[in-house]
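Biologist: I am new to this one, so could you walk me through it step by step?

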Amino acid sequence: MFSKIIISLGYIFFGLIVGYIIQQLELRKVIRLPISLENFRKLLQKIGLLFFMPISFIGALWIIKIDNIKIAALPFLGIFALLIGGLLGLTAARFLRLKQKDAGSMFTCGSFTNIGSIGALICYLFLGEEGFALVPIYKLFEQVIYYAVGFPIAKSFGDNIIKRENIISQVKIVFTDIFVVVALISIIIGTFLNLSGIERPVFYKTINAIFIPAGTVILLVSIGLAMKFGKVKNYIKESISVSIIKFILVPSIISTIAFFLGYRIIEGGLPLKVVIILSSMPVAFSALIPVSIYDLNLDLANSCWLVTTLSLIVILPLLFYIISLI
């Protein structure tokens, strides 16, 4: 138990710290990157999301047992977790009597969740390839919800007058995004290989043992390149509220639904364990994107992201203990 928790935290904070150190060295002109920090961050994201993660997902989906029809509900649990998180964020903003732009930031922080990098890594380290294979299924509609629901709602809290796009246009944007397309292709290929009966090569396990942590660290380095600590002390109440939403309320609701769906008796409770982990993840760095675009409170969003991410020091041991009881 202890070793898995230490390894998980080690990967997460190693990536974030390396990215932050590079950021500070570049800003202080100690080093000079051949490209800007923003372009370097985007390059790392492309490497992680378009190379390491698709190959990892294909290999994991290849061997997972997906013969239980109830697994089909997993993506909808993922959708509901994002929606209920956003709703709770708005509820907390109302309770705290926050201004309009602050409420918009609370919505994105409550909704947008770090499923793909930190959540996927924790599932792999705690549950193995079988648990990791369920991650792309759970997050299947994640980007759809972000672009078609999250961004428009965040925009409604901003002052900027931006051309309104209908739901069809929003969904079109999602499904023409290269990251979404590659993710969907990897799911299709992995599922096809699973159903084909073709045996996965033995060496693929070694590939995933390297690619899953490596891909996650690369993504975390990209996040560390944009980390800011300055204004956290001004948003303690908001950060605590979002932490309660992320680590108590959302996982309690979603895990209860998963329990009544019978996930505890499928594959030794594997789907339930995955749901508990993925619904308990911190604010996603992508939550800062609509906040920045629509001129909401970026300092508030950054503070909530930072506090919930650092809270993993406490959350991961608790998660490991909870799933060990299932």
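Below, we talk through confidence, two helices, a glycine and a pocket.

Modeller: This is a predicted model, in which local features need pLDDT of at least 70, side-chain atom pairs count only at pLDDT 80 or more, and totals for chains, interfaces and linings use all residues. Residues are numbered from 1 along each chain as its sequence is written, and side-chain values use heavy atoms, with hydrogens and water left out.

Biologist: In which helix is confidence lowest?
Modeller: The score here is pLDDT, the predictor's confidence in each residue, from 0 to 100. Its mean over the chain is 88, with 94% of residues at 70 or more. Helices are DSSP runs (H or I, at least four residues), numbered from the N terminus. Confidence is highest in α11 (residues 236-260), at a mean of 97, and lowest, at 63, in residues 167-175, helix α8.

Biologist: Where is the kink in α5 centred?
Modeller: Helix α5 (residues 115-133) has 19 residues, yet its end C-alpha atoms are only 13 Å apart, short of the 27 Å of a straight helix at 1.5 Å a residue (1.5 Å times one less than the number of residues). A bend is the angle between axes fitted to the seven residues ending at a residue and the seven starting there. In α5 the kink is about 145°, and its centre is L127.

Biologist: And what is the angle of the kink in α11?
Modeller: From its first C-alpha to its last, this helix of 25 residues reaches 35 Å, close to the expected 36 Å. Its kink is centred on I245, with an angle of about 35°.

Biologist: Is G150 buried or exposed?
Modeller: G150 is found in helix α7 (residues 142-156), and its C-alpha atom is 8.1 Å from that of G86, 64 residues away along the chain. Buried means under 20% relative accessible area, exposed over 50% and partly exposed in between (1.4 Å probe, protein chains only). Because its relative accessibility is 3%, G150 counts as buried.

Biologist: Which helix supplies the largest share of the lining of the second largest pocket?
Modeller: A pocket is an open set of points on a 1 Å grid over the protein atoms alone, where a 1.4 Å probe fits, with protein on both sides within 12 Å along at least five of seven lines; lining residues have an atom within 4 Å of a point. Here the lining includes F247, P251 and L318. Both α11 and α15 (312-324) supply at least two residues. The largest share, five residues, comes from α11.
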